Amino acid sequence: MTQYKYYFLSLILVIADQLTKLMVLGFLELYESIEITSFFSLTHVHNYGAAFSFLADEDGWQQYFLVSISMIASIAIILWMKKTSINQPYKLIALSLILSGAIGNLIDRAVFGFVIDFINLHYQDFYWPVFNVADMAITLGLILLLSVSYTHLRAHETPEHLVCRLLLE
């Protein structure tokens with residue numbers, strides 16, 4: 001059996017990410033915010049950098065750099081998924097999540113030159129950086145991948161073996 005269903009999962013998540021961003025573009029002006037609850041708002045912002053706006057204040061070269069990194073990462077994840085046994089469904093789900101997030105944000109950077117973020121979590125005066133569905137997929141995928149790797153580590157490997165295996169896969 002092949003990994004097609006996991007690639008399909010990535011496709012569905014990319015579509016969900018892009019549809020939510022299109023809704024934000026259609027219904028919210030830039031920097032407009034709608035309070036949903038006391039801790040959750042929809043706020044339309046543009047992120048010209050990477051995670052947590054890293055590199056956002058640069059002269060524009062970061063767009064090409066981040067598009068390139070996203071493309072390389074996406075290809076690497078596709079190849080990693082291809083090499084991963086179908087008997088490792090949690091690892092394949094984790095990689096699908098990460099791939100969908102990378103592609104979702106890659107589309108934004110390639111089309112607009114920035115990533116559309118809109119999920120705004122806050123409590124009193126604390127505001128988490130605004131994010132999107134692609135960011136959630138990447139985060140959940142990384143947590144699942146680390147969890148699966150840690151579980152495998154505890155059962156079979158030393159930490160040194162795990163690091164080498166993860167880097168060489």
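Student: Leucine 92 caught my eye. Leaving aside neighbours within four places in sequence, what is leucine 92 in contact with?

Tutor: With that filter on, leucine 92 is in contact with Gln3, Tyr6, Met81, Thr84, Ser85 and Ile86. Keep in mind that this is a predicted model.

Student: Noted. Which residues make up the largest nonpolar core?

Tutor: There are 10 residues in that core: Tyr6, Ile77, Trp80, Met81, Leu92, Ala94, Leu95, Ile98, Leu99 and Leu145. Helix 2 (61-83) and helix 3 (89-112) are the elements that give two or more residues to this core. Helix 3 gives the most, with 5 residues.

Student: And what does a second, separate core include?

Tutor: That one has 8 residues, including Leu28, Ile116, Ile119 and Val133. As a general point, nonpolar side chains tend to be buried together in soluble globular proteins.

Student: Let me zoom out. How many helices and strands are there?

Tutor: The protein has 5 helices and 4 strands. Starting from the N terminus, the elements run α-β-β-α-α-β-β-α-α.

Student: What percentage of the residues is buried?

Tutor: Buried residues account for 38% of the 169 residues. The accessible surface is about 10,500 Å², and carbon and sulfur atoms hold 70% of that surface.

Student: What share of the contacts links residues 24 or more positions apart?

Tutor: Among contacts with a separation of 6 or more, such pairs account for 62%.

Student: Sheet time. What is the strand order?

Tutor: The 4 strands form an open sheet in the order 1-2-3-4, with antiparallel pairing. At the edges are strand 1 (33-35) and strand 4 (126-127), each of which pairs on one side only.

Student: How many bridges join strand 2 to strand 3?

Tutor: Strand 2 (residues 40-47) is joined to strand 3 by 6 bridges, and the two run antiparallel. One pair to look at is leucine 42, which stands opposite isoleucine 119 in strand 3. Serine 41 has asparagine 120 as its bridge partner in strand 3.

Student: And what stands opposite leucine 42 in strand 2?

Tutor: Isoleucine 34 does. Strand 1 and strand 2 run antiparallel with 3 bridges between them, and a hairpin joins the two through 4 residues.

Student: Is strand 2 mostly covered or mostly exposed?

Tutor: Mostly covered: 6 of the 8 residues in strand 2 are buried.

Student: Which strands does helix 1 touch when it packs on the sheet?

Tutor: Helix 1 (residues 4-27) touches strand 2 and strand 3. The direction of helix 1 makes about 85° with that of strand 3.

Student: Switching to charges. How many salt bridges does the count come to?

Tutor: The count comes to 2 salt bridges, and Asp17, Lys21 and Asp108 are linked in a network of them.

Student: How far apart are the closest N and O atoms of lysine 21 and aspartate 17?

Tutor: They are 2.8 Å apart in that salt bridge. Lysine 21 and aspartate 17 are 4 residues apart in helix 1, so about one helical turn separates them.

Student: What about lysine 21 and aspartate 108?

Tutor: Their side chains meet in a salt bridge at 2.9 Å, N to O. This pair links distant parts of the chain, with lysine 21 in helix 1 and aspartate 108 in helix 3, 87 residues apart.

Student: Is aspartate 108 buried or exposed?

Tutor: Buried, with a relative accessible area of 0%. Lysine 21 is buried as well, at 1%, and aspartate 17 counts as buried at 1% relative accessibility.

Student: Last topic, glycine 113. Where is glycine 113 found?

Tutor: Glycine 113 is in the loop between helix 3 and strand 3 (115-123).

Student: Why does glycine 113 count as buried or exposed?

Tutor: Glycine 113 counts as buried because its relative accessible area is 12%, and buried means under 20%.

Student: What does glycine 113 touch, not counting residues up to four places away in sequence?

Tutor: Glycine 113 touches Tyr48, Gln63 and Asp108. Glycine 113 and glutamine 63 are 50 residues apart in sequence, yet their C-alpha atoms are 6.0 Å apart in space. Aspartate 108 is a name you have met already, in the salt bridge with lysine 21.

Note on methods: Residues numbered from 1 in each chain as written. Predicted model: local features only at pLDDT ≥ 70, side-chain atom pairs only at ≥ 80, totals over all residues. Heavy atoms only, no water. Buried < 20%, exposed > 50% of the residue type's maximum accessible area, 1.4 Å probe, protein only. Contact = heavy atoms within 4.5 Å. Areas by Shrake-Rupley, 256 points an atom, 1.4 Å probe, with all protein chains shown as cover. Core = buried A, V, L, I, M, F, W, Y, C linked by side-chain atoms within 4.5 Å. Pairing = 2+ DSSP bridges. Axes fitted to C-alpha atoms, helices over the stretch in contact; angles between N-to-C directions. Salt bridge = Lys/Arg side-chain N within 4 Å of Asp/Glu carboxyl O.
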